[in-house]
Amino acid sequence: MEESKKYKRMVKQTFTKNNNKRGHGTGSGSGSRLLRVKVRKLQILIPGGKRCNHPDLLLSKTVDYIVHLKLKIRILKALSDMYSL
């Protein structure tokens, strides 16, 4: 659980930094288009992501999925060590 909070905090900080950069520099049109493409790709990768219409919910699901995958890796590693594979 603590790891999930850490990732969520990191995502929030990154999201805030990116929002602060908006409107500065070159046109934001191409940047927002690129962001939409990345969000669509993320929706495909994350289970249940296509139903997430809000970016915050999608990012939260992404964090939970990453933590879930890391836990799976730990379990598989433990099983592998136990059976000396």
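**Exercise 1. The charged pair**

In which helix do Asp81 and Lys77 lie, and how many residues apart are they? Work from the predicted model.

Solution. Step one is to place the two residues: both Asp81 and Lys77 belong to helix α3. Step two is their spacing, which is 4 residues, or about one turn of the helix. Step three is the side chains, which meet in a salt bridge with an N to O distance of 3.3 Å. The structure holds 1 salt bridge.

**Exercise 2. The overall make-up**

State how many helices and strands the protein has, and describe its burial and exposed surface.

Solution. Begin with the elements: the protein has 3 helices and 0 strands, and from the N terminus on the order is α-α-α. Next, take burial: 12% of the 85 residues count as buried. Then take the surface: about 7300 Å² is exposed, with carbon and sulfur atoms supplying 61% of it. Last, consider the contacts with a separation of 6 or more: 45% of them join residues 24 or more positions apart.

**Exercise 3. Gln43**

Classify Gln43 as buried or exposed, and list its contacts beyond its sequence neighbours.

Solution. First locate the residue: Gln43 sits in helix α2, which covers residues 28–45. Then apply the cut-off: Gln43 counts as buried because its relative accessibility is 17%, and buried means under 20%. Finally, set aside the neighbours within four places in sequence; the contacts of Gln43 are then Gly49, Lys50, Cys52 and Leu58. One of these, Leu58, is itself a buried residue of α3.

**Exercise 4. Helix α3 and its surroundings**

Compare the span of α3 with the expected value, then sort its buried residues from an exposed one.

Solution. Start with the length: α3 runs over residues 55–82 and has 28 residues. From its first C-alpha to its last, α3 reaches 40 Å, close to the 40 Å expected at 1.5 Å a residue. Next, name the buried residues of α3: Leu58, Thr62, Val63 and Val67. Met82, also in α3, is exposed because its relative accessible area is 55%, and the cut-off for exposed is over 50%. Now assign Met82 to a surface feature: together with Leu71, Ile75, Leu76, Leu79 and Tyr83, Met82 forms a nonpolar patch with about 650 Å² of accessible area. To finish, look at the backbone just after α3, where Ser84 takes a positive phi of about 50°.

Definitions and conventions. Residues are numbered from 1 along each chain as its sequence is written. This is a predicted model: local features need pLDDT of at least 70, side-chain atom pairs count only at pLDDT 80 or more; totals for chains, interfaces and linings use all residues. Side-chain values use heavy atoms; hydrogens and water are left out. Buried means under 20% relative accessible area, exposed over 50%, partly exposed in between (1.4 Å probe, protein chains only). Contact means heavy atoms within 4.5 Å. Accessible areas come from the Shrake-Rupley method with a 1.4 Å probe; for residues, only the protein chains shown count as cover. Patches are made of residues with over 30% relative accessible area and no salt bridge: like charges are joined within 9 Å, nonpolar side chains (Val, Leu, Ile, Met, Phe, Trp, Tyr) within 5 Å. A salt bridge is a side-chain nitrogen of Lys or Arg within 4 Å of a carboxyl oxygen of Asp or Glu. The expected span of a helix is 1.5 Å times one less than its number of residues.
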